[in-house]
Amino acid sequence: MKKFGRLDVLIANAGVGHFASIENITAEQWKETIDTNLTGVFNSVKAGIDALKKTKGYIITIASLAGTNFFKDGSAYNASKFGLVGFSQAIMLDLRQYGIKVTTIMPGSVASHFNDHTPSDADAWKIQPEDIGEVVEDLLKMNPRALPSKVEIRPTIPGK
């Protein structure tokens, strides 16, 4: 706000993942996952609401297909992303009366540095970060009368 004087778009794109069975995941890993992936988005949105009301802005949350598709050893990550999808859909209903749009993007496998992974040629089949950027750009260009509340995006052909 200090630098630009306004907030038009808030993109919540932070995430951590601890993957272990419920027997082995620690309370600290659970808390870090929920605090980052869910509470962090809550705090960002709460901080931006007044500014976004003024500009009739846009909130884009980056969730995951793990927000609808559960998997083994994913209790903390799945809970955080299921929660994020529910949170995003609820605030979409809360905030659209002010002209604020809310969309959650739910990518599948992305070639990223998530969990200390270093992308390589072996990740060529995955969604690339610029693909997600194009989705964001398309959402921002869309006619204001249309509101995609969720966008699921997957690799065209899954990896082996």
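Student: Which residues of β2 are buried on one side, and which on the other?

Tutor: A general idea helps here: in a regular strand the side chains alternate between the two faces of the sheet. In this structure, which is a predicted model, Tyr58, Ile60 and Ile62 are buried on one side of β2, while Ile59 and Thr61 are buried on the other, and both faces of the strand are thus covered. Put as a count, 5 of the 5 residues of β2 are buried.

Student: What is the order of the strands in the sheet, and which strands lie at its edges?

Tutor: The sheet is open and is formed by 4 strands in the order β1-β2-β3-β4, with parallel pairing. The edge strands are β1 and β4 (150-153), each of which pairs on one side only. Neighbouring strands are turned against each other by 15 degrees on average, with direction ignored.

Student: How many bridges join β1 to β2, and how does the chain cross from one to the other?

Tutor: These two parallel strands are joined by 4 bridges, and Ile11 stands opposite Ile60 in β2. The chain crosses from β1 through α1 to β2 in a β-α-β crossover that is right-handed. For the next step, β2 and β3 pair in the parallel sense over 5 bridges, with Ile59 standing opposite Val102 in β3. The chain crosses from β2 through α2 to β3, and this crossover is right-handed as well.

Student: Which helices pack on the sheet or lie across its strands?

Tutor: β3 and β4 pair in the parallel sense over 4 bridges, and Thr104 stands opposite Lys150 in β4. Helix α1 packs on the sheet, where α1 touches β1 and β2 (58-62), and the direction of α1 makes about 175 degrees with that of β1. Helix α3 (residues 129-141) lies across β1, β2, β3 and β4, and runs at about 155 degrees to β2.

Student: Which residues have the most contacts inside the largest nonpolar core?

Tutor: As a general idea, in soluble globular proteins nonpolar side chains tend to be buried together. The largest nonpolar core here has 18 residues, and those with the most contacts inside it are Val45, Ile59, Ile91, Leu95 and Val102. At least two residues each come from β1 (9-12), α1 (27-55), α2 (75-95) and β3 (101-107), and α2 gives the most, with 6 residues. A second, separate core of 11 residues includes Tyr58, Ile60, Ile132 and Ile153.

Student: Is Ser88 buried or exposed, and which residues does Ser88 touch?

Tutor: Ser88 is found in helix α2 and is buried, because its relative accessible area is 0%. Not counting residues up to four places away in sequence, Ser88 touches Thr61, Val102 and Thr104.

Student: How many aromatic pairs are found, and what describes the one between Phe42 and Phe87?

Tutor: A pair of aromatic rings is described by the distance of the centres and the angle of the planes. A search of the whole structure finds 3 aromatic pairs. Phe19 and Phe71 form a tilted pair, 6.0 Å centre to centre with 35 degrees between the planes. Phe19 sits in the loop between β1 and α1 and Phe71 in the loop between β2 and α2, 52 residues apart. Phe42 and Phe87 form an edge-to-face pair, 6.3 Å centre to centre with 65 degrees between the planes. Phe42 lies in helix α1 and Phe87 in helix α2, so this pair ties together parts that are 45 residues apart in sequence. Phe42 counts as partly exposed at 38% relative accessibility, whereas Phe87 counts as buried at 18%.

Terms used
Residues are numbered from 1 along each chain as its sequence is written. This is a predicted model: local features need pLDDT of at least 70, side-chain atom pairs count only at pLDDT 80 or more; totals for chains, interfaces and linings use all residues. Side-chain values use heavy atoms; hydrogens and water are left out. A nonpolar core is a set of buried Ala, Val, Leu, Ile, Met, Phe, Trp, Tyr and Cys residues joined through side-chain atoms within 4.5 Å. Buried means under 20% relative accessible area, exposed over 50%, partly exposed in between (1.4 Å probe, protein chains only). Contact means heavy atoms within 4.5 Å. Two strands pair if DSSP finds at least two bridges between them. Axes are lines fitted to C-alpha atoms, for helices over the stretch in contact, and angles run from 0 to 180 degrees between N-to-C directions. A crossover is right-handed if, with the strands pointing away from the viewer, the path from the first strand over the helix to the second runs clockwise. Rings of Phe, Tyr and Trp (its six-membered ring) pair if their centres lie within 6.5 Å; planes under 30 degrees apart count as stacked, over 60 as edge-to-face and the rest as tilted.
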